[in-house]
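Here are some exercises to work through with the structure open in your viewer. Try each task on your own before you read the solution below it.

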Amino acid sequence: MPIGYNLEIRQAEGRTRVIYAALALLCIGVFYFACIFPAQWVEVRRVRRPLGLNVRILQISDLHVEKTWVGPEKLRRLIAETSPDYIFLTGDYTQRLRHLPKVDEYLKAVRDAGVPVYAVLGNHDYRLRSDLPAMLDLFRRRGIPLLRNESLRVGNFRLVGIDDDYSGKSHPRKAFRDALPGERCIVVTHDPTVTRRIDRPYDYLMSGHFHGGQFRVPFVFRLRYKGPLPLQGIVKGIHTDRNGTYYISKGLSQTGLNFRFLIRSEITVHEL
């Protein structure tokens, strides 16, 4: 076979390898910027609701520390940039005992802000089962009250913490038991589905749970049932029902597959 012909074959094979390598790099790049980068590039979402309370509340939801792409130091910087009066944590810290030390790192980062912090539990936290007391102890040692169907007076409003509805732990009437007539009520909970069971007015409610869908794919929650709200397309942002206005955070981390698709991670600043 002529030498020139063999050279042409080798050159063609070389060009093919270069094309395949370029396509592989392109696919990796597209996957990174569409699926990983949105999980790292945290959106500081600002919501203004004129309730006359004159407070700035930072909501951090769905930490899922075993999967987050956002480290404690970055979270600490984000908190400093937002200068909140209060920080509310709306559940899902971890579902594994071995990750509790990492949860503690994030709780320390939050407490270092030097402002009052309050929290509720999420459905993944209840998967700790018999190990849940170990998580509760972390919150106690860090001085972060966990509201489990109870309320307390915070500044010029009552903070109502409703336990996780998805886990069957929510008792809205018990949570509102100490609320006085005409008292401004801000609610924190994990699963916003509980709004369908609240039978009294509230001023504002903060929740998470759905991760904004996590993947911007139509009808994803029709394929995997997550309750009545996702079936109506309600998985993120601000909404109003007969009792009040509620907000669903897209969350800071992921569940299931450890990436997002065109849905950014979020912490939320509520100006009330």
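**Exercise 1. A loop residue and its neighbour**

Is R129 buried or exposed? Then place R129 in the fold, describe its backbone, and do the same job of placing for S130.

*Solution.* Keep in mind throughout that this is a predicted model.

Step 1. Start with the accessibility. R129 has a relative accessible area of 69%, and the cut-off for exposed is over 50%. R129 is therefore exposed.

Step 2. Find the place in the chain. R129 sits in the loop that joins α4 to α5.

Step 3. Check the backbone. Most residues other than glycine have a negative phi. R129 is not a glycine, yet its phi is positive, at about 55 degrees.

Step 4. Move on to S130, which belongs to the loop between α4 and α5. With a relative accessibility of 68%, S130 counts as exposed. Its C-alpha atom is separated by 9.8 Å from that of L97, although the two positions lie 33 residues apart along the chain count.

**Exercise 2. The two sides of α5**

Which residues of α5 are buried, and which exposed residues does the face turned away from them carry?

*Solution.*

Step 1. List the buried residues of α5 (residues 132–141): they are L132, M135, L136, L138 and F139.

Step 2. Look down the axis. These residues cover an arc of only 150 degrees, which puts them on the same side of α5.

Step 3. Turn to the opposite face, where the exposed residues R140 and R141 are found.

Step 4. Ask what the buried side packs against. The partners are β3 (86–90), α3, β4 (117–120) and α4 (123–126).

Step 5. Follow the chain just past the helix: G143 there has a positive phi of about 70 degrees.

**Exercise 3. How α3 and α5 pack**

At what angle do α3 and α5 pack, and how far apart are their axes? Name the residues that meet as well.

*Solution.*

Step 1. Two packed helices are described by the angle between their axes and the distance between the axes. For α3 (residues 100–111) and α5, the angle is about 20 degrees and the axes are 10 Å apart.

Step 2. Classify the angle. Angles under 35 degrees count as roughly parallel, so α3 and α5 are roughly parallel to each other.

Step 3. Give the handedness: the crossing of α3 and α5 is right-handed.

Step 4. Name the contact residues. From α3 come L100, V103, D104 and L107, and from α5 come A134, M135, L138 and F139.

Step 5. Sort these residues by character. The contact has 7 nonpolar residues, no polar ones and 1 charged.

**Exercise 4. Repeat the analysis on α2**

Which residues of α2 are buried, and what covers them?

*Solution.*

Step 1. In α2 (residues 72–82), the buried residues are P72, L75, L78, I79 and T82.

Step 2. Seen down the axis of α2, these residues fall within an arc of 120 degrees, so they line one face of the helix.

Step 3. The face turned away from the buried side of α2 carries A80 and E81, both exposed.

Step 4. The cover over the buried residues of α2 includes β1 (43–48), β2 (56–60), β3, α3 and β11 (266–271).

Step 5. Just after α2 comes S83, with a positive phi of about 45 degrees.

**Exercise 5. Three more loop residues**

Where do N54, D165 and S253 lie? For each, decide whether the residue is buried or exposed.

*Solution.*

Step 1. N54 lies in the loop between β1 and β2. Its relative accessible area of 73% makes N54 exposed. N54 also has a positive phi, near 60 degrees, and is a residue other than glycine.

Step 2. D165 is in the loop between β6 (157–161) and α6 (172–175). Buried means under 20%, so D165, at 16% relative accessibility, counts as buried. Leaving aside residues up to four places away in sequence, D165 touches S170, D191, T193, V194 and R197.

Step 3. S253 belongs to the loop between β10 (245–248) and β11. At 0% relative accessibility, S253 counts as buried. S253 and D92 are 161 residues apart in sequence, while their C-alpha atoms are 9.5 Å apart in space.

**Exercise 6. The whole chain**

How many helices and strands does the protein have?

*Solution.* The protein has 8 helices and 11 strands. Of its 272 residues, 51% count as buried.

Terms used: Residues are numbered from 1 along each chain as its sequence is written. This is a predicted model: local features need pLDDT of at least 70, side-chain atom pairs count only at pLDDT 80 or more; totals for chains, interfaces and linings use all residues. Side-chain values use heavy atoms; hydrogens and water are left out. Axes are lines fitted to C-alpha atoms, for helices over the stretch in contact, and angles run from 0 to 180 degrees between N-to-C directions. Helices (H or I, at least four residues) and strands (E, at least two) are DSSP runs, numbered from the N terminus. Angles under 35 degrees count as roughly parallel, over 145 as roughly antiparallel, 65 to 115 as roughly perpendicular and the rest as oblique. A crossing is left-handed if the near helix is turned anticlockwise from the far one by less than a right angle, and right-handed if clockwise. Contact means heavy atoms within 4.5 Å. Ala, Val, Leu, Ile, Met, Phe, Trp, Tyr, Cys and Pro count as nonpolar, Asp, Glu, Lys and Arg as charged, and the others, Gly among them, as polar. Buried means under 20% relative accessible area, exposed over 50%, partly exposed in between (1.4 Å probe, protein chains only). The arc is that of the directions from the helix axis to the C-beta atoms.
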